[in-house]
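The exercises below ask the reader to work from the coordinates to a description of two chains and of the side on which they touch. Each task is followed by a solution that goes step by step.

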Amino acid sequence: MTVEAPELWDVLSIAGEVWTSFIGPDEPLVPAGEEAFPVAWSGAVSVTGDWSGMVVVEMPEHCAVAATSRMLMIDEPSQADVSDAVGELVNMVGGNVKCLLFGENSLSLPVVALGRVTPPGDAVEVCRADLQWSEGPLRITVHSVAQSGVTS
Amino acid sequence: MKALIIDDSRAMRSILRRILGDAGFETHEAEDGQVALDLMNGGLEPDVCLIDWNMPVMDGYTFVTQVRHNQDWRDVTLMMVTTESDSNRIVRALAAGAHEYVIKPFTPDAILDKLQLLGLFTEVPA
């Protein structure tokens, strides 16, 4: 099945699968209300081709550290560990979003930033998933862009 | 059994190392296809390579084609482990010489089932 643009249900389904596989089956990721939180870590991947856009994952510090700890099964992950884990999480979410899309598309390598990743000025948010798990909130947004690019 | 894990993500290498290590594999790691080729040219003889597609320097598809062009490595089993699930990419990788294809996210059982299918792992009943 391919779609013109990812929808909320697609993102929720993909994120849930990634979370179950890598964070743990007992750590469900559930939809939550829009909640402001200090974004400490962001990961982004760009999709280019017949559809161009960006997939961004944002987390507060404690959430990113806890996710890394579960993913890598280590108690005190380093900053490099967290960066790498956030990058892999957005890579898996973005890669699976890309595969839903119509046409030929390519996925960039992930970009990880301390703080927010800023989409290009002409980016249009097409989908936002506010999510919650036992350790806190996270947000996944999908942006459509005329020409793909990421700045941090 | 020796496994060479080729992925630019340290997190993913760590996860695969744990799965394979628990299954009794001796694991080696490379952060891209070129580093993996260098290890193999240096004498490492893996029984199986687990290969990401999107990596800097040398991607997984190029690595597969390079390995398949070298007769010395004809017995090495190649398994793609990637987020790339487009059917044309899967066909390309298999046509280039990959034996199996696992799409991320995966469970440990999914990896071990594939290795079992390839005859590289036998699950010991509890």
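A residue is called buried if 20 or more other C-beta atoms lie within 10 Å of its own, exposed if 12 or fewer do, and partly exposed in between, with C-beta atoms placed from the backbone. The model is a predicted one, in which local features need pLDDT of at least 70 and side-chain atom pairs count only at pLDDT 80 or more, while totals for chains, interfaces and linings use all residues. Residues are numbered from 1 along each chain as its sequence is written, and chains are lettered from A and ligands numbered from 1 in the order in which they are written.

**Exercise 1.** Describe the overall build of chain B, starting from its buried residues.

*Solution.* Buried residues make up 44% of the 126 residues in chain B. With helices (H or I, at least four residues) and strands (E, at least two) taken as DSSP runs numbered from the N terminus, chain B holds five helices and five strands, and its elements follow the order β-α-β-α-β-α-β-α-β-α from the N terminus on. The radius of gyration, taken over C-alpha atoms, is 13 Å for chain B, close to the 14 Å of the globule rule (2.2 Å times the number of residues to the power 0.38), so chain B is as compact as a globular protein of that length.

**Exercise 2.** Determine which residues of helix 1 of chain A are buried, and on what they pack.

*Solution.* Helix 1 of chain A has 15 residues, and the expected span (1.5 Å times one less than the number of residues) is 21 Å, which agrees with the 21 Å between its end C-alpha atoms. Its buried residues are Val11(A), Ile14(A), Ala15(A), Val18(A), Trp19(A) and Phe22(A). They cover an arc of only 130° around the axis, counted from the directions from the helix axis to the C-beta atoms, which puts them on the same side of the helix. Their packing partners are helix 2, helix 3, strand 6 (124–133) and strand 7 (136–144) of chain A, together with helix 1 of chain B.

**Exercise 3.** Characterise the side of chain A that touches chain B.

*Solution.* Counting two residues as in contact if their C-beta atoms, placed from the backbone, lie within 7 Å, 18 residues of chain A meet 17 residues of chain B. Helix 1 (8–22), helix 2 (61–72) and helix 3 (79–100) of chain A each supply at least two residues of this side, and helix 3 gives the most, with nine residues.
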